[in-house]
Amino acid sequence: MTRATPSRRALLVGSAALAAGAGAGAVGMRLSDGDAGANPVAARPDDAGPTTVSFYGEHQAGITTAQQTHVSLVGLDLVRGVDARGVEGVLRLLTDDAARLCAGRPPLGALEAVPAVGVRRLTVTFGFGPGLFAAAGVPQRCPAGVASIPAFSTDKLEDLWGQTDLLLQICSDDPTGVAYAQRRLLRDTTHAMTLRWAQHGFMPVAPEPGAPQESSPRNLMGLRDGSANERDPAQAAAAVWSPGPGPMAGGTQLVLRRVRLDLGRWDDIDTAAKQLAFGRRMDGSPLTAPPGTSEFTVVDRTAVDEAGFTVVPPNAHAARAQARGAAERMLRRGYNYADGLHADGRPDEGLLFLAYQADAATAFVPVQRRLAEADALNTWATHVGSAAYAVPPGCAPGDWVGRTLLT
Ligand code: HEM
């Protein structure tokens, strides 16, 4: 008979106590490998096959990983009284679960293996909110960029979608796999955490017929989203990963904004007006280049027409958002959401804006300030949720996510 979850939890959580001062990673490895249960083999980096993304590595997966079509963002809060040992315990459990799930294996203690098999590029990415650092006894380790996202004049934030202590970003090309992973991960948090929210997002599974295979996915406004993201891997790395030295080296900072869109009104304006609002055409090409030009062409926000007016209106989204220097660069990895109806009967739909950057204080904050001041998109977009997280570097087999940051 398969070992039940409680004994496994006792083993892994209990290991936190043993680990104090005794090589935490090594203890975790021994327990994972030794707990034969239903899944005797610990996950390893070389498990990554064509449908799996390795959980382990220098950086966490799910950030520069080619964007999967589905996401569940799970926001959790620590139960009052959980201390550093408790934080370590739950992170050990979740690290072990996530590594197995991403390799197509059920977590330890699962009675059925089948739901975990055949995952489609599942990734689980951990983000830590300021409350998690505080509970772990190291509040000063929370990066300033994460701890100090200011209020913006256009915010209409709802408590429901606020900051949490922990974020699990679960991505896959298969929504069934996302739901399974979410369920199994949550199961191992109940002793230490409460679920605040789960936000589900999606993207088109493929570009429309005739579009280039590498096209950015379209958002619910019908626009390609992500065109201006850095494509050169070295440049993207410089924008995303926190530089060393220090425990955040190889990690990053994530800003999540739930942006509700009034798509009924958006549908009622013509194509020319839509394109002027963004500075790009529906095919993705910048208004400053001929139609059909690659979406990866930069928008020239200074180009003027014969009359001396800028081709792209100064309040167009791309013109306002464009980085004014290297420090403002970010990797946007957003997802559409459509969550039924509001109390007022209108659809609750929009964009789960996700941006990864080395420092949110020099990237997201100044850009969002410019957008709040004057962005044509504000006519249809309302920011109703906001949260920011320190995303620790990746870990090696036997280690747990966040150890270098929290201990
Ligand atoms: C509902 C909310 C939003 C939607 C639908 C949206 C959509 C878009 C679209 C369609 C583009 C042009 C294509 C591209 O380069 O990806 C774009 C560009 C961009 N957006 Fe947004 N966006 C939203 C919110 C935000 C927010 C909150 C920020 C940051 C604070 C942001 C930052 C950027 C940046 C940096 C660019 C690239 C500009 C450039 O260099 O040309 N966006 N966005």
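A polar contact is taken here as a pair of N or O atoms within 3.5 Å. In the predicted model, a contact of this kind links R332 to the ligand: a polar side-chain atom of R332 is placed 2.9 Å from a ligand oxygen atom.

The backbone also takes part in polar contacts with the ligand. A polar backbone atom of G226 lies 2.5 Å from an oxygen atom of the ligand, and for A228 the corresponding distance, again from a polar backbone atom to a ligand oxygen, is 3.0 Å. G226, A228 and R332 are also among the residues that come nearest to the ligand, a group completed by S227 and H317. The shell around the ligand has 25 residues in total.

The ligand occupies the largest pocket. Of the residues in the shell, 14 are nonpolar, seven are polar and four are charged. Several secondary-structure elements each supply at least two shell residues, namely strand 5 (252-261), helix 10 (317-321), strand 8 (347-357) and helix 11 (364-373). The greatest contribution is that of helix 11, which gives four residues.

The protein chain as a whole comprises 407 residues, of which 53% count as buried. Its secondary structure consists of 12 helices and nine strands. Among contacts in the chain with a separation of 6 or more, 77% are between residues 24 or more positions apart.

Two residues illustrate how positions distant in sequence are arranged in space. P50 belongs to the loop that runs between helix 2 (24-34) and strand 1 (70-78). Because its relative accessibility is 85%, and the cut-off for exposed is over 50%, P50 is classed as exposed. The C-alpha atom of P50 is 8.8 Å from that of R120, although 70 residues separate the two along the chain.

T404 is part of helix 12, which spans residues 403-406. With a relative accessible area of 42%, T404 falls between the limits of 20% and 50% and is therefore partly exposed. When neighbours within four places in sequence are left aside, T404 is in contact with R141, P247 and P393. For P247, which is 157 residues from T404 along the chain, the separation of the C-alpha atoms is 5.6 Å.

Note on methods:
Residues are numbered from 1 along each chain as its sequence is written. This is a predicted model: local features need pLDDT of at least 70, side-chain atom pairs count only at pLDDT 80 or more; totals for chains, interfaces and linings use all residues. Side-chain values use heavy atoms; hydrogens and water are left out. A residue is near a molecule or strand if one of its heavy atoms lies within 4 Å of it. A polar contact is a pair of N or O atoms within 3.5 Å; within protein, one must be able to donate a hydrogen and the other to accept it, and residues adjacent in sequence count only if both atoms are side-chain atoms. On a 1 Å grid over the protein atoms alone, a cavity is a set of points where a 1.4 Å probe fits but cannot get out, and a pocket is an open set with protein on both sides within 12 Å along at least five of seven lines; lining residues have an atom within 4 Å of a point. A molecule sits in a cavity or pocket if more than half of its atoms lie within 2 Å of its grid points. Ala, Val, Leu, Ile, Met, Phe, Trp, Tyr, Cys and Pro count as nonpolar, Asp, Glu, Lys and Arg as charged, and the others, Gly among them, as polar. Buried means under 20% relative accessible area, exposed over 50%, partly exposed in between (1.4 Å probe, protein chains only). Contact means heavy atoms within 4.5 Å.
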